[in-house]
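Here are a few short exercises to work through with the structure open beside you. Try each task before reading its solution.

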Amino acid sequence: MAAKKRNGKPKPQDSGAEGAPAASPLKSPAASGPGSPVQGNFEGPPTKVANSSYLAGSDPSISGDGTDVVKTDGYLEDHRDYFGQRFAHFKRWVRDIEVSEGGIDRFSRGYEDFGLHVTADGVRYREWAPGAREASLVGDFNGWDVAANPLARNEFGVWEALVPNTAAGAVAIPHGSHIKVAFVTAGGERVYRLPAWSTYVTQDLSKSPVYEAVFYNPPHRYRAKHARQTPAADLRIYEAHVGISSPEGRVATYKEFTRDVLPMVADLGYNALQLMAVMEHAYYASFGYQVTSFFAPSSRYGEPDDLRELIDMAHGLGIAVFLDVVHSHACNNVEDGLNQYDGTDHCYFHEGGRGRHELWNSRLFNYGHHEVTRFLLSNLRYWIEEFGFDGFRFDGVTSMMYKHHGIAYGFSGDYREYFTGNTDEEAVVYLMLANYMCHKLYPGFVTIAEDVSGMPALCRAVQEGGVGFDYRLTMSIPDMWIKMLKEQRDEDWDMAQIAHQLTNRRYQERAITYCESHDQALVGDKTLAFWLMDSQMYTNMSDATELTPTIERGVALHKMIRLVTCGLGGEGYMTFEGNEFGHPEWLDFPREGNGSSFHYARRQFNLVRDELLRYKYLYRFDRAMMRLEAQHRWLSAHDQWVTLKHDGDKVLAFERGGLLWVFNFHPTRSYSDYRVGVAWPGTYTVALSTDDAWFMGQGRVDTQVAHHSTPMEWNGRPNYVQVYIPARTAIVLRPSPA
């Protein structure tokens, strides 16, 4: 039997083990009726073939049964069958992709086949729209004539056309011209859509809020000067939104970010930059989470090559760059989005209620469909290959993994909540495929999950039966700090609860910790600094004004909260831009409800550059903290021991990264010769003190004093040291061998 083709490419035959049963025939998701070819049905679990050589595919790393995760968590034993079934589902996907597409490498390069591409003969255009009856490419180049450039459909619902070069041999579609694809739906209606694989779309609000696709073919492309970065094991992440990265009330640009913000990120000592709101989104106030064009970097901030330059310059500074990926849902827009793309209710999404998120008013992908999976995996490859991203933060993972999307659902930690009918296995397996692809093709690549459910094995390797993420976000930690600041007096802070929350992580699953991200600063909430100091930030943040008790307390606790979170809270650390220096107020994007104001949609970096203002002290402290981490790398250290949680004294002490950390959260009591147990004998000196005058402390800690250990058990440790620890102060001590 001759090899079939999908999307114009040869379809390899199954080369399974001799004597193995042949794969059962598969119906194409794009098949249009009786008698159509029967290949590639991924609408439901892929082909079920019991033969193990088929399921293993050609990658020996996934030859196991996916139950290794049970070995380190006995509570998973009751769910061993679930893990085996899920892993078999994943392996069927891998094998079916090998059989039908030649492997996940080729399969995930759909961006090279779909969309518009300049060839020697002209511009080739290819689009998947199985529900359409007719299609044509229209634009400025052909006077928007639907008859000028019709598309031909293949058996899989893929439409294709070539726009030949001009008689002079020039590309017939000018760079910067507008284009659309016109479909005739099954019902006979003519509709116009943006190419789904558009790489550049623009919006002219003076005419319409609807985006227009632009043919992007500049005569000179930006070429990277620096290699992609392999992210460090001790991640210090600076989360940023390009559009708000200016003190001015407007949308900032990629070039301004490169010039103004990147040097500050490097100066602070962060080794990774996480960019939000890059994938094009129709509504600016959505913070980038209502994506309309998945392959187009937002044109609000400049051209695609400007983003390429930003990432390249970050690499030149030794900074890895992560993309905030939104594959959890898509914007509900029809004219400039994927909704009703080919005139049907589904195409890229589930039809009916399953394809809609009732709270977000958005569409939900059909992760079990072959072409949808090609689109999403290719989207990831595109951002890596075309722009050089070094990692992804996957947004809305909880919504993806559960059929209830986490709506009005409180997770208690009962394992049955994770491994029963609540779980959307198609979505989980898609995430496994995405992580498998990223890590297999790009060793060292980093993936981070935004998940509030606490799904076990989310951050275990795919070959062990996990979902495959490298890190999860510790989303409960910022909630803890905000709750404490809102509801408790300082005297009522519970040291044991703080230590528990900071260390409550799943064994062998790494986490990115943070005090506050963009979420905590959104309208309706406030930054940590504003919770601590509120309106006095308007009147008393100048060195020329009175140092009030509110400002003194706020600055002291801001430093301590960040230090204890970074020291104890995870295997990576993250801040949101501006919060490191105590950015005031909150975030609110221009919208109808605020008169389209940009006042709160900006980052006031001018505050930290003004030497008269007290923001500089918090900036200095954050820089010292990051540089100390770079020196001792406690985030990737395996030693962590909480030695003391004294609620009466409000003292918390722990060991990590070969350092001794002591925190006195008491608002009024200072302690002389305070005894703290330590593992290592020797002489201890202060490596960092929040009370240093350089950080607007009172300078009560003498960093030159040597603290000699005593070989006597204390706090369950074989030695102890005695330190002076003033009220609302933290010190980090570095031991020297005895």
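**Exercise 1. Place both partners of a salt bridge.** In this predicted model, decide whether E611 is buried or exposed, then find its salt-bridge partner and classify that residue too.

*Solution.*
- Step 1: E611 has a relative accessibility of 53%, and exposed means over 50%, so E611 counts as exposed.
- Step 2: The partner of E611 is R620, with 3.8 Å between the closest N and O atoms. The cut-off for a salt bridge is 4 Å, so this pair qualifies.
- Step 3: R620 has a relative accessibility of 12%, and buried means under 20%, so R620 counts as buried.

**Exercise 2. Treat two more pairs in the same way.** Which residues form salt bridges with D105 and R106?

*Solution.*
- Step 1: D105 pairs with R109, their closest N and O atoms lying 3.2 Å apart. With a relative accessible area of 36%, D105 is partly exposed.
- Step 2: R106 meets D113 through their side chains, at 2.7 Å from N to O.
- Step 3: R106 is partly exposed at 29%, whereas D113 is buried at 8% relative accessibility.

**Exercise 3. Look beyond single pairs.** How many salt bridges does the model contain, and which residues are linked with D73 in a network?

*Solution.*
- Step 1: The count comes to 57 salt bridges.
- Step 2: D73 belongs to a salt-bridge network together with D451, R472, R506 and E509.

**Exercise 4. Describe the surroundings of a strand.** Is strand β27 largely enclosed or open, and which strands pair with it?

*Solution.*
- Step 1: Strand β27 covers residues 659-664, and 6 of its 6 residues are buried, so the rest of the structure largely encloses it.
- Step 2: Sort the side chains by direction. In a regular strand, side chains alternate between the two faces of the sheet. Here L659, W661 and F663 point one way, while L660, V662 and N664 point the other way. Residues on both sides are buried.
- Step 3: Find the first neighbour. Strand β26 (residues 651-656) runs antiparallel to β27 and is joined to it by 6 bridges. L652 has F663 as its bridge partner in β27.
- Step 4: Inspect the turn. The hairpin of β26 and β27 has 2 residues between the strands, and G657 takes a positive phi near 65° there.
- Step 5: Find the other neighbour. Strand β32 (residues 729-737) is also antiparallel to β27, with 5 bridges between them. In this pairing, V662 of β27 stands opposite I731 of β32.

Key
Residues numbered from 1 in each chain as written. Predicted model: local features only at pLDDT ≥ 70, side-chain atom pairs only at ≥ 80, totals over all residues. Heavy atoms only, no water. Buried < 20%, exposed > 50% of the residue type's maximum accessible area, 1.4 Å probe, protein only. Helix = DSSP H or I, 4+ residues; strand = E, 2+ residues; numbered from the N terminus. Pairing = 2+ DSSP bridges.
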